[in-house]
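Hi,

Here is the structure I promised to pass on. Have a look at it first, and my notes on what turned up follow right below.

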Amino acid sequence: MPSSRRRYLRGCAATLGLATAGCLGSHESTELTPEKTSTATESETGTATPTQTGQTEPFVAWQQSLDSVITAPPISTGNRLYVGTESGTIKSLATVDGSQQWSYDANDPIRSQPKHVRNTVFVISGKEGLYEDHVVVALDTETGAKQWTFAPGEWWLELLGATEDMVYVGTNADTPSKQGQTLYALAVSDGSVQWSGEVGDQYGAVLDNGTIYVASRGRFYAYDTETGEQRWATDVSDYYSQTMVATDGTLCYAADVDETHGTLLGVAADTGETLWTHEEGSIASTTLHDGTLYVGGTHVAALDPTTGEQRWRTDQSGYVKQAPVQNGTLYTGGDVVRGHNSSTGELDWTWSPETNIKGVVPAAVVSDTLYADSWSDGDPRNRFKFALDTNAETKRWAFDVERELTDLSVDEKRAYAAADDTVYALE
């Protein structure tokens, strides 16, 4: 679970907004004309479903019960998987077989997905009730021993990012504001405050080239990561959550501008001044790969992030946030999954999920497997996970435990998800 129900509901509203606005629901043909495309549907292969009696399908490498409801989704660092629970325990599981390596009791529920830097894993613990102050806990990744805690006496805390030397934490209140909250830079080694600065209630943050950019309700902030000097702050109207990316001296994000919904902006990283805008349709998602900014919404397009120059665009809608470009293919989600040539935008293939799935979002590509999250109109909304063969353009499996699942966490070998008190490793 996120650090507050307010933040959780805000994320749900953003997702539902994409669907109802039509950004992810278009079947329009692309303006490009590929020589060969193929379409696979859910019916081509059967849906494999683990039963409630403990029987699992071959693609479930292992499953592990933690004896408490999971509130902090699992995250893998390769050899270890870290996960937090409602009872306040943080557990380290071996990714090879799910065996417990260590467990730490923080007393209060774990509220944030763990973050990992070198030999330290960070989480936030605290009760969900009003005025229940949250605490940052830093643990040794090998032993689970507590290294330090940070308790500024604030209601909600958010882990915004980390480098090898510092971890950045923001405070939040229940009433969103563009100011009045605090950004702390803590030493990874001992949790001491290196500097602090004012921000608003946060929607997210990005670290790039010695600067941390914080998207707050109605205002963006840029701070020097080492000194804490505020480089700039600028008001932003209706920022589109999780669209902020930074590269090569440019910060890019989507927001409503002059009554135009979902305009993409590129601003100077050192001053915050607008360098370019992209207004072809509504932008709802972004991702960077090898110097190219890919955007999704009513259109999928590729831009030069420093100039805003459009390299290609399709008439198809799509969501590009999570899955990277792999072997020259850009994977997009929506009501279907599409594979586009990342250099030209040409459509290579399309896969359609079963009819009761509202939308599907690529999570990551491992070798020739594309893992995907999904959502539906009815409860549980986040119920199905999919694995697609990127070579054959078909479904390998569908995972369903008839309960709400966390979003997928993926490493170099497999994907992980959790439901209630159980973690699943999926191959």
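Asp 304 and Arg 311 make a salt bridge, with 3.5 Å between the closest N and O atoms. The two ends sit in unlike surroundings: Asp 304 is buried at 16% relative accessible area, while Arg 311 comes out as partly exposed at 41%. Asp 304 gets the buried label because its 16% falls under the 20% cut-off. Before you read on, please keep in mind that this is a predicted model.

That pair is one of several: the count for the model comes to 17 salt bridges. Two others caught my eye.

The first is Asp 368 with Arg 396, whose closest N and O atoms are 3.2 Å apart. Asp 368 is in the loop between β30 (359–366) and β31 (369–375) and Arg 396 is in strand β33 (residues 394–400), so this salt bridge ties together parts of the chain 28 residues apart in sequence. Both partners are partly exposed, with Asp 368 at 24% and Arg 396 at 35%.

The second is Glu 128 with Arg 111, where the closest N and O atoms are 3.6 Å apart. Here the link runs from loop to loop: Glu 128 belongs to the one between β8 (120–125) and β9 (135–140), Arg 111 to the one between β6 (100–105) and β7 (115–117), and the two residues are 17 apart. Buried or partly exposed, what are these two? Arg 111 is buried, with a relative accessible area of 5%, and Glu 128 is partly exposed at 26%. Glu 128 misses the buried class because its 26% is not under 20%. There is also a third member to look at, since salt bridges with shared partners join Glu 86, Arg 111 and Glu 128 into one network.

Now for the chain as a whole. How many helices and strands does the chain have? There are one helix and 36 strands. The chain has 427 residues, and 55% of them are buried. If you look at contacts with a separation of 6 or more, 43% are between residues 24 or more positions apart. The chain exposes about 17,400 Å², with carbon and sulfur atoms supplying 42% of that.

If you want one strand to start with, try β16 (residues 211–216). Six of its six residues are buried, so β16 is largely enclosed by the rest of the structure. In a regular strand, side chains alternate between the two faces of the sheet. In β16 both faces are covered: Thr 211, Tyr 213 and Ala 215 are buried on one side, and Ile 212, Val 214 and Ser 216 are buried on the other.

β16 also has a partner on each end of its sequence:

- β15 (residues 202–208) pairs with β16 in the antiparallel sense over six bridges. Ala 205 stands opposite Val 214 of β16. The two strands form a hairpin with two residues between them, and Asn 209 in the turn has a positive phi of about 50°.
- β17 (residues 219–224) pairs with β16 in the antiparallel sense, over six bridges. In this pairing Ile 212 faces Tyr 223 of β17. This is a hairpin with two residues between the strands, and Gly 218 takes a positive phi near 90°.

Two single residues are also worth pulling up in your viewer.

Thr 332 lies in strand β27 and is buried, with a relative accessible area of 0%. What does Thr 332 touch, leaving out residues up to four places away in sequence? The list is Val 300, Gly 318, Tyr 319, Val 320, Val 337, Arg 338, His 340 and Pro 362.

Asp 315 is in the loop between β26 (310–313) and β27 (329–332). Asp 315 is partly exposed, because its relative accessible area of 22% is not under the 20% that buried requires. Its side chain makes a polar contact of 2.7 Å with the side chain of Arg 313. The C-alpha atom of Asp 315 is 7.6 Å from that of Thr 298, a residue 17 places away along the chain.

That is everything on my list, so the structure is yours now.

Cheers

Technical notes:
Residues are numbered from 1 along each chain as its sequence is written. This is a predicted model: local features need pLDDT of at least 70, side-chain atom pairs count only at pLDDT 80 or more; totals for chains, interfaces and linings use all residues. Side-chain values use heavy atoms; hydrogens and water are left out. A salt bridge is a side-chain nitrogen of Lys or Arg within 4 Å of a carboxyl oxygen of Asp or Glu. Helices (H or I, at least four residues) and strands (E, at least two) are DSSP runs, numbered from the N terminus. Buried means under 20% relative accessible area, exposed over 50%, partly exposed in between (1.4 Å probe, protein chains only). A polar contact is a pair of N or O atoms within 3.5 Å; within protein, one must be able to donate a hydrogen and the other to accept it, and residues adjacent in sequence count only if both atoms are side-chain atoms. Contact means heavy atoms within 4.5 Å. Accessible areas come from the Shrake-Rupley method with a 1.4 Å probe; for residues, only the protein chains shown count as cover. Two strands pair if DSSP finds at least two bridges between them.
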